[in-house]
Amino acid sequence: MSNVQIANEAGITAAVAALRRGQLIGLPTETVYGLAADITHDAALSEIFRVKGRPSNHPLIVHIADIAQLDDVASYVSPACRALVDHCWPGPLTVVVPAAPHVSRVATGGLDTVAVRLPSSRAAQEVIARLGNAVAAPSANRFGHVSPTTAQHVAHDLGDDVAIVLDDGPCELGVESTIVDCTKQQPEILRPGSITPEAVRRILAAAKIELASGVSGPSRASGMLARHYAPLATLVLHEQQAIVPQDGSPVVDCATDPITAAHDLYANLRHLDALGHRVVHVIMPRAEGVGFALRDRLKKAATAL
Ligand code: TXA
Ligand code: MG
């Protein structure tokens, strides 16, 4: 597809130019591909909501290229937040912090808090650093559907609604970042990811800070809606036992090797949808390591409308 460009020098230069013009790009990261706009272009930010079909009060994640940029977008960085970003950035951690006054309220969905992440993807860092501004980017899929983990997924879903899709190959991790709300006295995990609850708890404990128990509570994180990340097929979830479906429908094993299962999950679901399967069986991983995040995504993908 013509708007896919390899994330080499020429591709990155073209992507930065498109962002400067106020256009949207498909941005590779280590988690999933993002649909990115320059944070200083309100019209481009609004376009993200239109293209995704996402309600305008669902905030976006602001991506930065340098840890020091956190202090530009946050009005306050708590000791807990500092400890988390010092350990986990660059990487698949998003922190929710009080927003500095100049941060676009289009990006924050009208909130006075902002979600911030420093991706480890070199291509993403390069684009943001050369642009000189942060970029706001949700996952580059239509609202509620399966996230994209290749440039081809983005091109397939969004077509000409995105000026350029930078192709940096399949995403390294395959599940969206861990989101930690650092605006409260006790930090709270809003969405699990590759950075596990155990890891978050350990980092905070070293700083003598307690993590709020459990994951969630009501929030503006769209990944927290009951049905999200959903394929067309109905997912049937099984707890670790091997199964042989009588109707010949496919089985996705997420138990044997959860890290590889996470890497491949969204590509597998898209592929099985493309083949026209109505029912897909899934063997669930244990609730440990990335298995915790995988279980969260699978349960949301399986919830009937
Ligand atoms: O790995 C990721 O986080 C990917 C890549 C592209 O960086 N992005 C991603 O974005 O998953 P998205 O928009 O699909 O999910 C972002 C989540 C949403 O559920 C959103 O509601 C939540 O972050 N969020 C953003 N700002 C927030 C805030 N101020 N308070 C609470 N939740 C927030
Ligand atoms: Mg998403």
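This tour follows the interface between the two assigned domains of a predicted model.

**The two domains.** Begin by selecting residues 4–206, which the domain assignment gives as domain 1, and colour them apart from residues 234–302, given as domain 2. The centres of domain 1 and domain 2, taken over C-alpha atoms, are separated by 26 Å. Where the domains touch, domain 1 contributes 23 residues to the contact and domain 2 contributes eleven residues.

**The buried surface.** Next, display the surface between the domains. About 1400 Å² is buried between domain 1 and domain 2, and carbon and sulfur atoms give 59% of this area. Now select Val-146, Val-175 and Pro-192: within domain 1, these residues lose the most area to domain 2, and together they account for 35% of what that side buries.

**Charged and polar pairs.** Turn then to the side chains that meet across the interface. Two salt bridges are found between domain 1 and domain 2. Select Asp-157 and Arg-270 to view a salt bridge in which the closest N and O atoms lie 2.9 Å apart. Between the two domains, eight residue pairs are in polar contact, counting pairs with both residues at pLDDT 80 or more.

**The domain 1 side.** Finally, select helix H6 (151–158) and helix H7 (197–206), the elements that give two or more residues to the side of domain 1 touching domain 2. Colouring that side of domain 1 by residue class shows nine nonpolar, nine polar and five charged residues.

How values were computed: Residues are numbered from 1 along each chain as its sequence is written. Chains are lettered from A and ligands numbered from 1 in the order in which they are written. This is a predicted model: local features need pLDDT of at least 70, side-chain atom pairs count only at pLDDT 80 or more; totals for chains, interfaces and linings use all residues. Side-chain values use heavy atoms; hydrogens and water are left out. Domain bounds come from an automatic or database domain assignment. Contact means heavy atoms within 4.5 Å. Buried area is the accessible area (1.4 Å probe) that two parts lose on being put together, summed over both. A salt bridge is a side-chain nitrogen of Lys or Arg within 4 Å of a carboxyl oxygen of Asp or Glu. A polar contact is a pair of N or O atoms within 3.5 Å; within protein, one must be able to donate a hydrogen and the other to accept it, and residues adjacent in sequence count only if both atoms are side-chain atoms. Helices (H or I, at least four residues) and strands (E, at least two) are DSSP runs, numbered from the N terminus. Ala, Val, Leu, Ile, Met, Phe, Trp, Tyr, Cys and Pro count as nonpolar, Asp, Glu, Lys and Arg as charged, and the others, Gly among them, as polar.
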